[in-house]
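User: I'd like to go through this model and ask what stands behind each label. Can we start with how strands get paired?

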Amino acid sequence: MKSTDIRDDLELGAFLSWGRELHHQGRYEDAVRAFELILGLDRDNEEALIGRNRAVRRAVPRWHWEMLHDEERAELYDRAIRQAVAAAPEALVLDIGAGSGLLAMMAARAGARQVVACEGQPSVAGTTSRVVRVAGYDDAVSVVSKMSTRMTVPEDLPRRADLLVTEIVDCALLGEGILGTIAHAREHLLTPEATIMPSRGRIIAQLVESEPLHRKNHVGKLYGFDLAPFNRLSTLEYFDSRLHRHEHRALSDPLTVFDFDFYTADARPQRTELRVRPTAAGKMHAVAFWFEMELLPGITIDNAPGHDSHWKQAIQCLPAPLHVQPGEPVVLDASHDGESVRFQVVDGVGS
Ligand SMILES: C[S@@+](CC[C@H](N)C(=O)[O-])C[C@H]1O[C@@H](n2cnc3c(N)ncnc32)[C@H](O)[C@@H]1O
């Protein structure tokens, strides 16, 4: 073995250890970068390929793939984007949260000549550029690897944009920070007349009885042991789940909890008290909620129960089930802190 080979092996070994150390520290994006440095020197390095993939799996959420296969979402965004671009073909388009680049490329395909796609996760942004290049849209679409809230004009965006396209919503609408992100964009990245897509969003909730959903967040006596103390670790917030895949009964009609106009809304916390009239007697285990989002007036997308939206629904289990009856309203305190929506029972019939 030549001395340069030995030196190269030592350097690669040091990089591999560094990548693994970053991974163990939970610094997955940095670990991806470290393994990519190794792959730059030795593109077939098996350990670096595996190290990189492990870090990517931790850094990049798995829902990207299911989301990209959600045809209803893609068709509705495509229709709204075509309509908005047809109305203003010279518009400078800003796509916040580009992911694979899908919406940015839809805008370019619809005829937009200049699209800036920003993506806040570096490992994703590197891939956005690759997808756009392979698809042949790199003349029109440029990718900025940055959170939109760190972008400035003209460094990252040649001028303020005329059309904002964004899909940074989770099952409960606010979880990816859409309120603060759009408010920031309105102030710093968009013209005063810019079209904002989505234009509105509503959160809709319903009381439900569902032992199977309750079991997703609670345990009691099992196998001869009282496991209830484990419920200290139960979540107090929502998680996503498909309501129709769990046996359940609606205990109220759906009702609107929050209604946002993205042309004016900001991320300041809000709180509202709801008097919900149960439509049936039963054991309330959870509040199920979802959103309805207007992309443009007349084009709406939702993740209401009953269809297979990749978003599923948001479920917030109560700490303990509550008996409800028609004629005895349940008073719910609904709040959000700009990103997370939460419900608390203020008054009900009792557990
Ligand atoms: C739900 S995915 C949508 C991806 C793509 N736009 C689509 O519709 O297929 C949201 C993406 O936005 C990114 N993101 C969220 N907030 C962002 C922000 N303020 N600036 C830049 N990227 C953001 C996330 O890292 C994620 O990749």
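Analyst: Sure. Two strands pair if DSSP finds at least two bridges between them. Keep in mind that this is a predicted model.

User: How do you know that strand 16 and strand 17 pair?

Analyst: Strand 16 (residues 330-336) and strand 17 share six bridges, in the antiparallel sense. The cut-off is at least two bridges, so the two count as paired. Within that pairing, serine 335 sits opposite arginine 342 of strand 17.

User: Why are strand 12 and strand 17 said to stand at the edges?

Analyst: The open sheet has three strands, in the order 12-16-17, with antiparallel pairing. Strand 12 (270-276) and strand 17 (341-347) each have a single partner strand, so one side of each lacks a neighbour in the sheet. From one strand to the next, the twist averages 25 degrees.

User: What makes up the shell around the ligand, by class?

Analyst: Ten residues there are nonpolar, nine polar and three charged. Gly counts as polar, so Gly97, Gly99 and Gly120, which are among the residues that come nearest to the ligand, go in the polar class. Ser148 and Glu167 also belong to that nearest group, out of 22 residues around the ligand. Helix 4 (63-68), helix 6 (102-109) and strand 2 (114-119) each give two or more residues to the shell.

User: Which domains does the assignment give?

Analyst: Domain 1 (3-59), domain 2 (65-167) and domain 3 (201-347). The C-alpha centres of domain 1 and domain 3 are 43 Å apart.

How values were computed: Residues are numbered from 1 along each chain as its sequence is written. This is a predicted model: local features need pLDDT of at least 70, side-chain atom pairs count only at pLDDT 80 or more; totals for chains, interfaces and linings use all residues. A residue is near a molecule or strand if its C-beta atom, placed from the backbone, lies within 6 Å of it. Helices (H or I, at least four residues) and strands (E, at least two) are DSSP runs, numbered from the N terminus. Domain bounds come from an automatic or database domain assignment. Axes are lines fitted to C-alpha atoms, for helices over the stretch in contact, and angles run from 0 to 180 degrees between N-to-C directions.
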